[in-house]
Amino acid sequence: MSKEPDRLFAQPLPQVPDFAFNEDVVRVFPDMIKRSVPGYPTIVENLGVLAAQFAQPNSVLYDLGSSLGAVTQALRRHVRTDGCRVIAVDNSAAMVERCREYLNGQDSMFQELLPVEVVEGDILALQFQPASVVALNFTLQFIAPEERLALLGRICQSLLPGGALILSEKLRFNDLEEHALLTDLHIAFKRANGYSELEIAQKRSAIENVMKPDSLEEHRERLLAAGFSKVVPWFQCLNFASLIALP
Ligand SMILES: C[S@@+](CC[C@H](N)C(=O)[O-])C[C@H]1O[C@@H](n2cnc3c(N)ncnc32)[C@H](O)[C@@H]1O
Ligand SMILES: O=C(O)C(=O)C[C@]1(C(=O)O)C=C[C@@H](O)C=C1
């Protein structure tokens with residue numbers, strides 16, 4: 001994995017462009033996401049532990065919006081169920097290329113790993129195969145809000161009995177005081193991880209048009225409307241959370 005530090009927003013930019021998962025972001029992504037998302041390493045590792053409980057023999061495990069494959073690698077560390085394979089999907093060519101390099105490196109060292117197919121494509125256009133685990137780890141927030149319900153409906157339809165969707169997202173809060181407090185604490189988290197006020201402000205304007213977080217209540221209602229029978233939050237750190245949704 002690249003160890004390059006994230007300094008993408010360290011210098012004043014005349015105009016801050018909309019955030020995109022391009023080559024520049026790919027180079028610093030492991031550092032960026034760890035220093036920006038409270039609880040990210042815990043979520044990723046335990047996503048593997050949870051997935052091992054839901055994985056069904058001879059089924060597909062999806063990593064949707066896989067970026068550099070952190071979730072895929074956690075699935076490989078924890079899932080031991082016979083005949084499972086991972087399909088990792090991302091629509092950023094730069095992410096997919098680097099993800100394939102990392103995974104090919106692993107494949108050449110370890111023979112017992114779950115097979116992985118990395119697909120460059122739009123998850124909104126995916127024909128889902130019967131799956132036991134679907135991970136959307138900080139991906140749904142980048143999908144246009146009007147597309148989210150239909151996508152979750154297709155995921156629910158594809159899930160096998162005993163399977164699960166694991167959905168991690170940044171949250172917004174309907175209570176304005178709660179929203180302001182957790183936003184301030186998230187900024188303090190970024191500051192403590194070495195980001196300057198300028199970096200924090202420029203990153204915020206870069207993501208505000210492309211990343212639209214929902215509240216926990218909106219997630220729960222939409223998941224139920226999409227056909228899921230049960231929604232169980234299993235992790236929250238500040239304004240970032242992860243949920244299990246059962247078909
Ligand atoms: C915040 S990153 C996900 C992080 C990753 N899951 C992890 O845990 O390290 C969001 C990813 O979703 C991808 N993405 C956004 N919209 C997508 C779409 N419609 N289809 C496929 N991938 C998409 C982006 O290219 C990006 O790599
Ligand atoms: O909320 C923020 O400030 C973030 O930087 C969040 C977030 C995310 O949740 O995906 C946004 C973009 C980067 O991929 C890493 C982190």
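Which strands does helix 3 lie across, and at about what angle does helix 3 run to strand 1? The legends below take that up along with a few other close-ups, and keep in mind that this is a predicted model.

**View 1. Helix 3 on the sheet.** Helix 3 takes in residues 70–78 and lies across strand 1, strand 2 (85–90), strand 3 and strand 4. Its direction is at about 150° to that of strand 1.

**View 2. The whole sheet, strand by strand.** Here you're looking at an open sheet of seven strands, with mixed pairing and the order 3-2-1-4-5-7-6. Strand 3 (116–120) and strand 6 (230–237) are the edge strands, so each of them pairs on one side only. On average, neighbouring strands are turned by 15° against each other, direction ignored.

**View 3. Strand 1 meets strand 4.** Zoom in on residues 60–64 and residues 131–137: these are strand 1 and strand 4, and they run parallel. Five bridges join the two. For a handy landmark, find Leu-61, which stands opposite Val-133 in strand 4.

**View 4. Helix 2 over its strands.** Residues 40–54 make up helix 2, which lies across strand 1, strand 4, strand 5 (159–170), strand 6 and strand 7 (240–246). Against strand 5, helix 2 runs at about 170°.

**View 5. Positions annotated as "binding site".** The label comes from an unreviewed UniProt entry and covers Tyr-40, Gly-65, Ser-66, Ser-67, Asp-90, Asn-91, Asp-122, Ile-123, Asn-137 and Arg-204. Don't expect one neat cluster: the farthest two C-alpha atoms are 25.1 Å apart and the positions span 165 residues in sequence, so they do not all gather at one spot.

**View 6. Ser-67 and Asp-90 up close.** Ser-67 sits in the loop between strand 1 and helix 3, while Asp-90 belongs to strand 2. Ser-67 has 24 other C-beta atoms within 10 Å, so Ser-67 is buried. Asp-90 is buried too, with 24 other C-beta atoms within 10 Å. Leaving out residues up to four places away in sequence, Ser-67 touches Phe-29, Asp-90, Met-95 and Cys-99. With neighbours within four places set aside, the contacts of Asp-90 are Gly-65, Ser-66, Ser-67, Met-95, Val-96 and Glu-120.

**View 7. The shell around ligand 1.** There are 21 residues around ligand 1, and Phe-21, Gly-65, Asn-91, Ser-92 and Asn-137 come nearest. Helix 3 and strand 2 each chip in at least two residues of this shell. By type, the shell divides into 12 nonpolar, seven polar and two charged residues.

Conventions: Residues numbered from 1 in each chain as written. Chains lettered and ligands numbered in written order. Predicted model: local features only at pLDDT ≥ 70, side-chain atom pairs only at ≥ 80, totals over all residues. Helix = DSSP H or I, 4+ residues; strand = E, 2+ residues; numbered from the N terminus. Axes fitted to C-alpha atoms, helices over the stretch in contact; angles between N-to-C directions. Contact = placed C-beta atoms within 7 Å. UniProt positions renumbered as here; feature names shortened; annotations may be inferred. Buried ≥ 20, exposed ≤ 12 C-beta atoms within 10 Å, placed from the backbone. Near = placed C-beta within 6 Å. Nonpolar A, V, L, I, M, F, W, Y, C, P; charged D, E, K, R; others polar.
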